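The following paragraphs lead through one protein chain, from its overall fold to its interior and then to two details of its backbone. Please keep the sequence and the model in view while reading.

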Amino acid sequence: MSGTRLPPLTPELQVSDLLASLAFYQQVLGFSLLYQRPEDGFAAIALGEAALMLEQIEQNQQPDDPWTVLPLDRPLGRGINLQIDVADLQPLYHALLAHDVPLRLPPETVDYRTGDSAVRVRQLMVQDPDGYLLRFSQILER
C-alpha cells in the first residue's frame, strides 16, 4: 500500500488499549504503521493491500455518540471476521507460534465455490487483544 491513502473499505476497530493493539498488529502480525494521531488515540495500519484503523475506546463513552453503539461488551466485533489476504501464510503462522498466540482456527486448506469455479485457500484465524476475529488467507489456486 502506497502513501497514506486507505482502501475504499477500511474497517475501524475500537480497541481498549491502542498501544497494546499496535504492538500486537505490528510485532506479531507484521502490519506497518501508515499514520497515527496520538492525541486522538487513533492509528491506521496496513498489511499488503489490507488496512485497518484502530481507535482507543474512551473511558466515558456517551450513549448518544454517533460513532459507538453501546455497550462495548467483550469480545468486541462479535458477528464478524475480517479476512486478510497474505501472499504466504507460513511466516505468519510461525510468528503466531513464536508469540504463543492461541489459534482460533489452525491452518487448514479449503475450497470455496465462487460462482462456476472454485478457489483453494490456506487459512487460519486468531483473535486480537480485544477479541476481533482475524482470518488470514493465502490463495493457493483458482
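The secondary structure of the chain consists of two helices and eight strands, where helices (H or I, at least four residues) and strands (E, at least two) are DSSP runs, numbered from the N terminus. Read from the N terminus, the order of these elements is β-α-β-β-β-β-α-β-β-β. This is a predicted model, in which local features need pLDDT of at least 70 and side-chain atom pairs count only at pLDDT 80 or more, while totals for chains, interfaces and linings use all residues. Residues are numbered from 1 along each chain as its sequence is written, and side-chain values use heavy atoms, with hydrogens and water left out.

The C-alpha atoms fill a box of roughly 45 × 30 × 30 Å along the principal axes. The radius of gyration of the chain, 16 Å, agrees with a compact globule, because 142 residues would then give a value near 14 Å; the radius is taken over C-alpha atoms, and the globule rule is 2.2 Å times the number of residues to the power 0.38. Of the 142 residues, 37% count as buried, a term that means under 20% relative accessible area, as against exposed at over 50% and partly exposed in between (1.4 Å probe, protein chains only).

In soluble globular proteins, nonpolar side chains tend to be buried together. Here the largest nonpolar core holds 28 residues, of which Tyr25, Leu29, Phe31, Leu134 and Phe136 touch the most other members; such a core is a set of buried Ala, Val, Leu, Ile, Met, Phe, Trp, Tyr and Cys residues joined through side-chain atoms within 4.5 Å. The elements that give two or more residues to this core include β1 (12-15), α1 (18-28), β7 (117-127) and β8 (133-141), and α1 gives the most, with five residues. Leaving aside its neighbours within four places in sequence, Leu29 is in contact with Phe24, Leu47, Leu92, Leu96, Leu134 and Phe136, contact meaning heavy atoms within 4.5 Å. A second, separate core of six residues includes Leu34, Ala44, Ala51 and Met53.

Two backbone details remain, both of them in loops. In the loop between β4 and β5 lies Pro75, and the peptide bond leading to Pro75 from Arg74 is cis, with omega near -5 degrees. The loop between α2 and β6 (103-114) contains Asp100, which has a positive phi of about 55 degrees although it is not a glycine. Asp100 counts as exposed because its relative accessibility is 69%.
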